[in-house]
Amino acid sequence: MNEKFKLIEERLPKFYALMESCRLCPRKCGVNRLNNETGYCKTGKDLKIASWADHRGEEPPISGTKGSGAIFSSNCTLSCCFCQNYPFSQLGNGSIITIKKLAEIYDLLAKKGVHNINWVTPTHVLPMLLDAWLLAGDAVHKLPIVYNCSGYETPEVLEMLDGIADIFLPDIKYADNHSATSFSGCPGYVEANRAALKKMHEIAGYLKTDFETGLATKGMIIRHLVLPNDISGTENCLRWLKAELGTDIHLSVMCQYFPAYKALENDLLNKPLPDS
C-alpha cells in the first residue's frame with residue numbers, strides 16, 4: 001500500500017462530508033448532495049461521466065506519446081457561455097456509472113499505457129473519483145494524478161489534495177470579476193482563482209519532468225485561454241502570475257478560441273481571434 005493510497009483512504013470520509021452541506025467549490029451551495037439534492041453544478045450523489053480516453057490533446061508533458069488517462073466529468077461549477085465542451089459541461093450529457101465501473105475504467109486506461117490519470121473538471125465529483133481510485137489495481141496506483149480544473153477551487157479542498165494530486169492543471173480565465181460574471185456566471189472567480197493558484201503552487205511547486213521522457217511527474221501547469229476583445233484580460237493575468245508565482249511557472253497560453261455554444265449569439269465572442 002503506497003502513501004497516496006493511505007492518504008486517500010484516510011481522507012475520503014472527509015471529502016464525502018463536504019457533500020452533505022456542499023462546499024466542494026467556492027459557491028458553497030450548502031445543499032445535501034448525499035440526499036441527492038442538487039446545487040449550481042446540477043449534480044447530486046451519483047457520478048456522471050461524459051467520456052474517457054487515452055487523450056492525446058493535452059500539453060506535451062501530460063499527453064506524452066501514449067496519451068493521458070482522461071476522465072471527463074459531466075456538468076461543471078462554472079457556466080462559461082463559450083465552452084467548447086458544452087454538451088457535457090453545460091448540457092450535462094453523459095452516463096451515470098458506479099464507483100466500481102470507474103475503477104474498471106481506470107484499469108483499462110492503465111492497460112493502454114497512459115502516462116497518468118487525468119481528472120477533467122473534477123471538483124464537483126471529487127469524492128467519487130477518489131473512491132474509485134482506491135478500488136483500482138496497482139498499475140493505476142503507480143500513475144501520477146492530474147487535477148485538471150477551471151481554477152475555481154477552495155483552499156480547504158486543495159489542502160486535502162496535498163499528497164494526492166501530483167500535477168495541477170488549472171485555468172486562469174479572467175482578470176476581472178465583471179467578465180467572470182458576464183461570461184462564466186461566476187462573480188467571485190478572480191479572488192477564488194488567485195488564492196487557488198497560490199495554494200496549488202504551495203502544494204506542488206514548479207513543474208518537474210522526467211529527464212528521459214519529458215513527462216510531468218509533479219508540479220503545476222497553468223492554462224490561459226485568450227478570448228476576443230481582451231475579455232480574458234491576458235496581460236493582467238500574466239503580470240499577476242509573474243508577480244506572485246515567478247517566471248519559472250509553466251504556462252500554456254492557448255490561442256485556439258473559436259465561438260461555440262452561446263458565444264455564437266454574443267457580439268463580443270462570436271468571432272475567432274484575429275490572425276495577428
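Reader: Hello! In which strand does Val253 lie?

Author: Val253 belongs to strand S9. Strands (E, at least two residues) and helices (H or I, at least four) are DSSP runs, numbered from the N terminus. Residues are numbered from 1 along each chain as its sequence is written, and side-chain values use heavy atoms, with hydrogens and water left out. Please keep in mind that this is a predicted model, where local features need pLDDT of at least 70 and side-chain atom pairs count only at pLDDT 80 or more, while totals for chains, interfaces and linings use all residues.

Reader: Thanks! Is Val253 buried, exposed or partly exposed?

Author: The general idea first: buried means under 20% relative accessible area, exposed means over 50%, and partly exposed lies in between (1.4 Å probe, protein chains only). Val253 has a relative accessible area of 40%, so it is partly exposed.

Reader: Which residues form a nonpolar patch with Val253?

Author: A patch takes residues with over 30% relative accessible area and no salt bridge; nonpolar side chains (Val, Leu, Ile, Met, Phe, Trp, Tyr) are joined within 5 Å, like charges within 9 Å. Here Leu238 and Leu251 join Val253 on the surface, and together the three have about 200 Å² of accessible area (Shrake-Rupley method with a 1.4 Å probe; for residues, only the protein chains shown count as cover).

Reader: Now a helix, please. How many residues does H10 have, and how far does it reach?

Author: The expected span of a helix is 1.5 Å times one less than its number of residues. H10 runs over residues 234-245, which makes 12 residues, and its first and last C-alpha are 16 Å apart, close to the expected 16 Å.

Reader: Which residues of H10 are buried, and why do they line one face?

Author: The buried ones are Thr234, Cys237, Trp240, Leu241 and Leu245. Down the axis of H10 they fall within an arc of 130°, so they line one face of the helix; the arc is taken from the directions from the helix axis to the C-beta atoms. On the face turned away from that side sit the exposed Glu235, Arg239, Lys242 and Ala243.

Reader: What do the buried residues of H10 pack against?

Author: Their partners are helix H9 (189-204), strand S8 (216-225) and strand S9 (250-254). Contact means heavy atoms within 4.5 Å.

Reader: How should I read phi?

Author: Most residues other than glycine have a negative phi. Lys28, in the loop between helix H1 (3-20) and strand S1 (47-55), has a positive phi near 45°. Tyr261, in the segment after S9, has a positive phi of about 55°.

Reader: And how many salt bridges does the structure hold?

Author: A salt bridge needs a side-chain nitrogen of Lys or Arg within 4 Å of a carboxyl oxygen of Asp or Glu. There are 11 of them in the structure. One of them joins Glu59 and Arg223, at 2.8 Å from N to O. Glu59 is in the loop between S1 and helix H2 (60-63) and Arg223 is in strand S8, so the pair ties together parts 164 residues apart in sequence. Both residues are buried, and with Glu58 they are linked in a network of salt bridges.

Reader: Where do Glu202 and Lys199 lie?

Author: Both are in helix H9, 3 residues apart, about one turn of the helix. Their side chains meet in a salt bridge of 3.4 Å, N to O. Glu202 is exposed at 57% relative accessible area, whereas Lys199, at 15%, counts as buried.
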